[in-house]
Amino acid sequence: MIWPIDLAILTLVVIAGIGALMVKDLLGAAILFGAYSFMMCLLWSIMGAVDVAFTEASVGAGVSTVFFVAAVFRTSRRTKD
Amino acid sequence: METITSIRPLLAVLVSLLIIPLVVVSSRSPNVRETWTFVAAVAKFLIVLSMLPAILRGTEIVYTVVQFMPGAAIKFRVDALGMLFALVSSSLWIITSAYSIGYMRGLKEHGQTRYFCFFAICLSATIGAAFSANLLTLYLFYEILSLATYPLVTHHQDLEARSSGRKYLLYVVGASIGLVLPAMLICYNLAGTLEFSKNGILAGTAASPSLLFILLFMFVFGFAKSAIMPMHSWLPAAMVAPTPVSALLHAVAVVKVGVFSIVRILTGVFGIQLLSSSHLGMAVCCVAAFTILVGSFIALSQDGLKRLLAFSTIAQLSYIVLGVALLSPKGMTGGMLHIAMHAFGKITLFFCAGAIFVATGKKNISEMIGIGRRMPVTMAAFFIASLSIIGMPPCGGFISKWYLALGTLQAHQIGFLVVLLFSSLLNACYFIPITYKAFFCRPEDAMFENKVQEAPVFCVVPLVITATISVILLFYPQPFLRLARMMVQSITGV
Amino acid sequence: MSEQYPALLVIVPLLSALVVSVAGWVNKRWCFPIAVAALSVSAWSSVGLLFRVLNEGVIVYKLGGWSPPMGIAYYIDYLNGLVLPVVSIVALLNLISSKRTVEQQFPDKTGPFYTLYVLMVTGLLGIVVTGDAFNLYVLLEIASLTGYGLLAMGEERAPLATLNYLYMGTIGACFYLLGIGYLYIVTGSLNMVDIARLLPPLYQSKAVLAAFIICMVGVWLKMAFFPLHAWLPNAYTFANSASSSLIAPLVTKVMVYVMIRLMLTIFTPKFVFNTLAVHDAVVWLAVIAIAMGAVLALKERNLKKMLTYIVVAEVGYMVGGAWLGNRAGLTGAVLHIVNDALMTLCVFLVVGNIVYKIKGYAFGDLKGLFAKMPFTMGAFVIGALSIIGVPPTCGFFSKWYLILGAIQAHQYGFMVALLFSSLINVVLFFRVFEIGFYEPFSDHEGHEHHPAVMAEAPLTMLVPLYVVAISLILVGLYTGDIVNHIVQFVIPKGFM
Amino acid sequence: MTDLISMVVAKYNYWIYITLMMIGLYAMIAKNNLVKKIVGMNIFQTAIILFYVSIGVKKGATIPILEHGHGPNAHHVVHAVDYINPLPHVLMLTAIVVGVATLGVALALAIRIYNNYNTLEEDEILAQVREK
Amino acid sequence: MKIIGLIITVVTGALLIYAAADFPAWSDPASPASTYLSPHFIEKTMEETSVPNIVTAVLADYRGFDTMFETTVIFSAGVVCFFLLRISRREEEEPETRYYRHVLTGVTIQLKEGYKMPPSADFERIDAVWTPPDLIIKTGCRILIPFVQLFALYVIAHGHHSPGGGFQGGVILGASVILLAISHDLRTAVRRMSEKLIGILCAVGVFIYAGTGALCLLLKQNFLDYSALAGVLHVDPITARSHGILIVEIGVGIAVLATMIWIYNNISSAGRYRQGL
């Protein structure tokens, strides 16, 4: 394990997570959440949890994001916070 | 003491429940419906009566239905006191059923099927309470009785009935859940059993005097059906019920179950040794004496006949409590005997009030001047019954009062003797004028025509019977006196 | 076959949920009979299991043939042996009773409804039967997810209330998962019995302490223990009556079971009551829960919502009883799981009948109900008396043990709270009775004869209702046997 | 002090997981928008997954797939220290699935709410409810 | 609410940080989690199940019961989404005007209420908000999808030896159909996989899993004990376990595939099944 990469990804995870919650647009939040999931997936593959990472890549970064986008498309992008 | 195991106590309780489906099914044909009620009433009385010889021999009949935990079960034990009470209430049910038919049909009341159903439940609960062998069973039937009486009290389904029903529930159910239930559990925790025993289950436990004091009054006030002041004000309110309900329940079954429970608490849970050694009996006596006097005074100022009878009942109930709480053998005998004597007297009075209402629609005493000319039989019965309540010969009430008076002397409590005599005087003050005005008013004051027009025969016959029994009881007070004596003997050994 | 009862209990409903789902696409009329058959098998096997437990003691069933702690195992002891029949029978009765409601409310979606219904029961049964801490989480999620689906179909406000439930439920389940993770990190095991074996040397560890707190908070969230109850009233009130009468009786009770399981089996009473010694505080929380539940119920002018607050108060009963830390209290809590499930089912079935006929459950809709639906209201009276705690209904006896436990533990606050809530319940229910009985007020002393127009619910709804109502009394009468033969073995030896 | 620093450094994964979890929890409680709450819920869940995966990590070990599983050297001796603990991974596969299932249900609910009230902001919905 | 949230968060966080102090050091090979159960799995998996990917073995065999319910969770999520969102034909109001598009020429015609189009392969029904799909995306996806699906099948089949398995493969398969729905439109995707098929496939997938377990039960073994299948498959019990795992992974794959599409269909069209994204 290369700790600078590990640390960098951990930082990115936190930033993407906070970003997904802060951004004032739900579509943006959905995409940032996808990024967050992808970072998480990288983190887990670094930790050796390949199956978990694979699942997260397909579910978290893939299908979940699609669900979010679909739901936002069917409702509204507007958010106050 | 010898005991027999027999299912008869349970049968006596269940028989009136079993006819309820039949009553409901035959609700379309009133005659069939009333026949069922009669069948049940007679059957119940016969079952109770069939146990009498055994009890008089000095045996007890025991039957356990379910055992919940050690010392707490649904269990029946028929002893002399329970027998006394059961005899009174089951015999009066037959008479009240007849009276109910006359009253309800005479007034074309609605919901008669409901009325007869709940009446039957009430009687089951009363007999159950009379035969209960432990506090839990007693509580069970006490609660059933409270709830089954509610639809009867509020039978008219109008605003007044609702507010009275609220008051009734607040006092009776509120007190039993709020006071009796915790007191019972504390007892169970202290003694490990709830079974009534001769010496009292609390004797010999580590309860401190202050705890005993608190427990005693939780019970005395918790059984609010006994209408000990300040828990009395539901009783006058409950007089909105149809008169047969007031007659049987508020003169006999419900209120007597309250008093009966207190007697059981005093004799079976605390035990007279404990009560006399801790002077708790005195405290109960004081409360009872207070209730007797205040109740009588309030009765004096009432105009509504049923309200007057209600306050009179409040006072009379406390006689029983006073008698037992005196802890002297004679006083206890008097108190227990008063359960029977007062029942026959008071039920007659209520029947009369109902008969007057059916025949004339009058409820207030001030409207009854000269009524003796129109309803001579009813008013004659009224007079006899009021003599019984006052405690004058030739009526049964005299015997119980006599024993009570002796009891005060035996307990060296002259103060309570004064209370008794004074309250008898007050009783006379509020009863005698009614009869007097009914018969001996000046013709120009009379509010009724001089023409005999009695209530329906179903109303009149029962009250004549009960009045007659009241008189007979003076000359032949058996088996009630014998039962009361046996009970006292088994408790005190005297 | 009887040695496979533990598997049948969960597998039969699971498989038939799938069959129901397919049947929903092929022919909708098959869904209901299949669901009934499945739950009947479950009920049968749960009763069979209870008798096996009574005869043989604890039953271990190894799933996949792997012995624990490698694989997942079912442990059926007296505690879940008692709870299983309750869950399956309650679910079965409610299923039969709600047939008409479902057809009325979701004419096109009976297939998915029954699928979710049976899946939910699968989840609840699985929670009760499993001996693996993580497996419990998965089943918890099945029960929750299907529950969200069932609850959200209702009135206009139902989806929002359910979404709030979903947030809270997810937090609760995740807390539980996290707590199990903490236990796993210090013990390395997921099997409940195995964890209990490994824990004693670690009692002083901060991680174990945190695991316990987190698990408890999670479970409390799911069971709506005050002050974590905010999601419950709305979610249950606005749901359709078929779902609320499944979920209200069972979910909180099953979560109480999980709490008792955590306390007795995983963390063991020694840790909970001796090492931790916070039970006084929890009992006081329960006191507040009971009091607040009662007071909030008093505020409501709506029958169903009133009942949901009573559910909140009842949760306080059970939590308080379990945390009293003595035999009587725990007996009361376990007994109350059974009794409260039946009581709540009874009153919610009544609400279901009322909604089916009257299409409303606000107090204003209840006028004249005793005349319109006398049989339904008769059962309601029995249910109400049981909730109030009038003998010989079962509610009295669990209250009896709870109060006895409170006295023995010198927790007089808890005793007062129980009595207070009983009294408030009297007020609550008699208020409803009054409306149903008096209003519209009869004129002039009621001497008129009103021909009452009966509009009673159909027999398929009344029969299950009366089965429940009568069982309230029967369970009450057989309390002694239940306690002597089952409940007293639930409590570990050496417990006060 | 060095103890503290070394503890902080040695368990930094745990700190990150706690941070993420608290971010998610805060969002679920405090955010006003329903979809934002759902995002928060998913962050909360993934944080727990991160925690579990961190439990499984073992220094000097490789991914939990046996080398030479089949073939000529199939049945050589396997040492536990060489492979990462697989159990948390298994558990977390389940947790991820549960997460996506919950997400689907939550979004379905959000869409229904939007159909009823035409907004996703909780305060606006509550205002509409109160008006009725 | 914000302040309450902050307080709750801080308190919870403080508790967790406090507890983390007692954790074994991170990535410590001697921690209880690494020394208690996992060595058994790592060392015995090959002997007992003949599956090199330990995660797969534990997932589908040792803890196969968990995984069965995991599949059930996803199945119930699908049913819940359908139950909540799908607007049945009875409730659905037909739009007053319908639009049809001639596939070859792109000519769009509008039909007022009451008129119906004769069924014809040349015309396709479209919605009012229809936008022409981008040719590049359409063609690109059409080429991509077969490869995605092929890879997904590989992931399922090769789950014994490499990362992956039924769940991941199923998600990817589902994603390929979702990709079709996104790149074309929902009607196209639904035409390929009808709603009824999806609904039945979900149940069938879970049924394969649970049914395999139940089969073991019928063969006088405990539920999900795949070694019972040895007699049916004519292999030794260890290999039977390996095959059993493959069977249930296929079941998982089918269930997940169908459910993902189902959820997407319902969410993206809000239950109307007309225009997707």
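In the predicted model, strand E1 of chain B and strand E2 of the same chain, which spans residues 60–69, pair in the parallel sense through 3 bridges. Within this pairing, Thr5(B) is placed opposite Val62(B) of E2(B). The two strands belong to an open sheet of 3 strands in chain B, arranged in the order E1-E2-E3 and mixed in its pairing. The edges of the sheet are formed by E1(B), covering residues 3–5, and E3(B), covering residues 72–78, each of which pairs on one side only. From one strand to the next, the twist averages 35 degrees. Helix H1 of chain B, comprising residues 8–25, lies across E2(B) and E3(B) and runs at about 75 degrees to E2(B).

In chain C, a helix pair was examined. Two packed helices are described by the angle between their axes and the distance between the axes. Helix H3(C), formed by residues 78–97, packs with helix H5(C), formed by residues 110–129, at an angle of about 170 degrees, and the two axes are 9 Å apart. Angles over 145 degrees count as roughly antiparallel, and H3(C) and H5(C) are therefore roughly antiparallel to each other. On the H3(C) side, the contact involves Asn80(C), Val83(C), Leu84(C), Val87(C), Ser88(C), Ala91(C) and Leu95(C). These residues meet Tyr117(C), Val121(C), Leu124(C), Leu125(C), Val128(C) and Val129(C) of H5(C). Classified by residue type, the contact between H3(C) and H5(C) contains 11 nonpolar and 2 polar residues, with no charged residues.

Key: Residues numbered from 1 in each chain as written. Chains lettered and ligands numbered in written order. Predicted model: local features only at pLDDT ≥ 70, side-chain atom pairs only at ≥ 80, totals over all residues. Pairing = 2+ DSSP bridges. Helix = DSSP H or I, 4+ residues; strand = E, 2+ residues; numbered from the N terminus. Axes fitted to C-alpha atoms, helices over the stretch in contact; angles between N-to-C directions. Contact = placed C-beta atoms within 7 Å. Parallel < 35°, antiparallel > 145°, perpendicular 65-115°, else oblique. Nonpolar A, V, L, I, M, F, W, Y, C, P; charged D, E, K, R; others polar.
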